[in-house]
Structure formats: structure tokens, C-alpha cells
Amino acid sequence: MRFLPWLILLVLIWLAFRKQQNRAGDRPSQDFFRAAGGAANPESKSAEVMVCCAQCQVYVPQSESVLKAEQRFCCESCCDKYSQTQTQTQSKS
Ligand SMILES: [Zn+2]
């Protein structure tokens, strides 16, 4: 049984290697679950509150909307157009 110490050493090396692999494997699996949670995020994003643009009546996610004068807009240009029409109607009246 001359090779027994080598066999034990080999098993120990293999165990250490496997432990290292498990440690390294733990993080990607956690990242995988985070990625799965991140993959679930688009669902929550689609469930986000949609607001109507005061200018062109296009619905946009609240986070992407432009808030000005208590009105929601899909973009800055709509915001500018709206403020222009508001000042026009104000000057008319
Ligand atoms: Zn708009």
C-alpha cells in the first residue's frame, strides 16, 4: 500500500478543488437568481403607472414622462409645445 498516502493526498486535493469550485459556483448562482429577479423587472416595468401626455395624448411610463406645471408629457418637445399653446390661449383670453 505504497500509493495510499498519494491517494489520500489526491482525494484531499480533489476535495479542496471541489470546495473552491463550489465557492466560485455560489456567486454565479446568486447572480443567476439576481438576473432572474432582473428578468422579472421588465414585468414590473410594464406594470408601471402609465401617464398620458398632456400634449399628444400618448401614454408613457411615469418614470420616462416629463413633469412640468403639474402636467405629464412624453418628451421635452411636447412640454415646450404645450407651454407655447398655453401662453397662446392665455394671451388670447
Ligand atoms: Zn407627447
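**Entry 1: Ala69 and Glu70**

I began with Ala69, which counts as exposed because 10 other C-beta atoms lie within 10 Å of its own; by the cut-offs I used, a residue is exposed with 12 or fewer such atoms within 10 Å, buried with 20 or more, and partly exposed in between, the C-beta atoms being placed from the backbone. I noted that this is a predicted model, in which local features need pLDDT of at least 70 and side-chain atom pairs count only at pLDDT 80 or more, while totals for chains, interfaces and linings use all residues. I counted residues from 1 along each chain as its sequence is written.

I then placed Ala69 in the loop between strand 3 (66-68) and strand 4, and found its phi near 55°, a positive value in a residue other than glycine. Glu70 lies in the loop between strand 3 and strand 4, its phi is near 60°, again positive in a residue other than glycine, and it is exposed, with 6 C-beta neighbours inside 10 Å.

**Entry 2: the chain as a whole**

I looked up the elements and found two helices and four strands in the protein chain, where helices (H or I, at least four residues) and strands (E, at least two) are DSSP runs numbered from the N terminus. Along the sequence they follow the pattern α-β-β-β-β-α.

I also checked pLDDT, the predictor's confidence in each residue from 0 to 100: its mean over the protein chain is 81, and 73% of the residues reach 70 or more. Among the elements, helix 1 (residues 4-46) has the lowest mean pLDDT, 72, and strand 4 (residues 71-73) the highest, 95.

**Entry 3: the core**

Of the 93 residues in the protein chain, 10% are buried. I listed the largest nonpolar core, which has six residues: Ala54, Val66, Phe73, Cys74, Cys78 and Cys79; such a core is a set of buried Ala, Val, Leu, Ile, Met, Phe, Trp, Tyr and Cys residues joined through C-beta atoms within 7 Å. In soluble globular proteins, nonpolar side chains tend to be buried together.

I followed Ala54 further and, leaving aside its neighbours within four places in sequence, found it in contact with Gln71, Arg72, Phe73 and Tyr82, contact meaning that two C-beta atoms, placed from the backbone, lie within 7 Å.

**Entry 4: Glu76**

Lastly I looked at Glu76, which lies in helix 2 (residues 76-92) and counts as exposed because it has 10 C-beta neighbours inside 10 Å. Its C-alpha atom is separated by 8.9 Å from that of Ser65, 11 residues apart along the chain.
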